[in-house]
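Me: I have a model open and want to go through it with you. Can we start with the charged side chains?

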Amino acid sequence: MKVAGAATTGLGDEAYTMTLTSGAWQNGTTLVAARSGNAVVTVLSTAGSDNGAATAKKLTSRLLTSLKDLKTA
């Protein structure tokens with residue numbers, strides 16, 4: 001199994017993305033963890049041909065927006 005990770009810009013106050021891949025798997029897995037204020041959101045995805053990266057980032061963004069909307073309500 002191969003693990004790759006890096007800081008991710010554009011999601012909350014700070015974020016980190018890790019992707020796990022293996023030749024034995026049909027698709028890899030991506031985990032995105034993002035912080036907005038005191039809240040932390042984590043999303044794990046295997047959807048799509050990009051090891052779930054686009055889906056995980058999109059869902060993380062939506063969750064962070066929802067948290068922001070809750071704070072201002």
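Reply: Sure. Arg35 forms a salt bridge with Asp13, with 3.4 Å between the closest N and O atoms. A salt bridge here is a side-chain nitrogen of Lys or Arg within 4 Å of a carboxyl oxygen of Asp or Glu.

Me: Where do Arg35 and Asp13 sit in the chain?

Reply: The pair links distant parts of the chain, 22 residues apart. Arg35 is in strand 3 (residues 29–36), and Asp13 is in the loop between strand 1 and strand 2. Strands (E, at least two residues) and helices (H or I, at least four) are DSSP runs, numbered from the N terminus.

Me: What kind of model is this, and what are the ground rules?

Reply: It is a predicted model: local features need pLDDT of at least 70, side-chain atom pairs count only at pLDDT 80 or more, and totals for chains, interfaces and linings use all residues. Residues are numbered from 1 along each chain as its sequence is written, and side-chain values use heavy atoms, leaving out hydrogens and water.

Me: Back to Arg35. Which salt bridge does it make with Glu14?

Reply: Their side chains meet at 2.8 Å, N to O. Glu14 is in strand 2, 21 residues from Arg35 in strand 3. Asp13, Glu14 and Arg35 are thus linked in a network of salt bridges.

Me: How many salt bridges in total?

Reply: The count comes to two.

Me: Is Arg35 buried or exposed?

Reply: Neither. Arg35 counts as partly exposed because its relative accessibility is 29%. Buried means under 20% relative accessible area, exposed over 50%, partly exposed in between (1.4 Å probe, protein chains only). Glu14 is partly exposed too, at 47%.

Me: New topic. Where is Thr8?

Reply: In the loop between strand 1 (2–7) and strand 2 (14–21). Thr8 is buried, since its relative accessible area is 17%.

Me: What does the side chain of Thr8 reach?

Reply: The backbone oxygen of Ala6, at 3.5 Å. A polar contact of 2.5 Å also joins the side chains of Thr8 and Thr17. A polar contact is a pair of N or O atoms within 3.5 Å; within protein, one must be able to donate a hydrogen and the other to accept it, and residues adjacent in sequence count only if both atoms are side-chain atoms.

Me: And the overall layout?

Reply: The protein has one helix and four strands. From the N terminus on, they run β-β-β-β-α. Of the 73 residues, 25% count as buried. The C-alpha trace spans about 45 × 20 × 15 Å along its principal axes.
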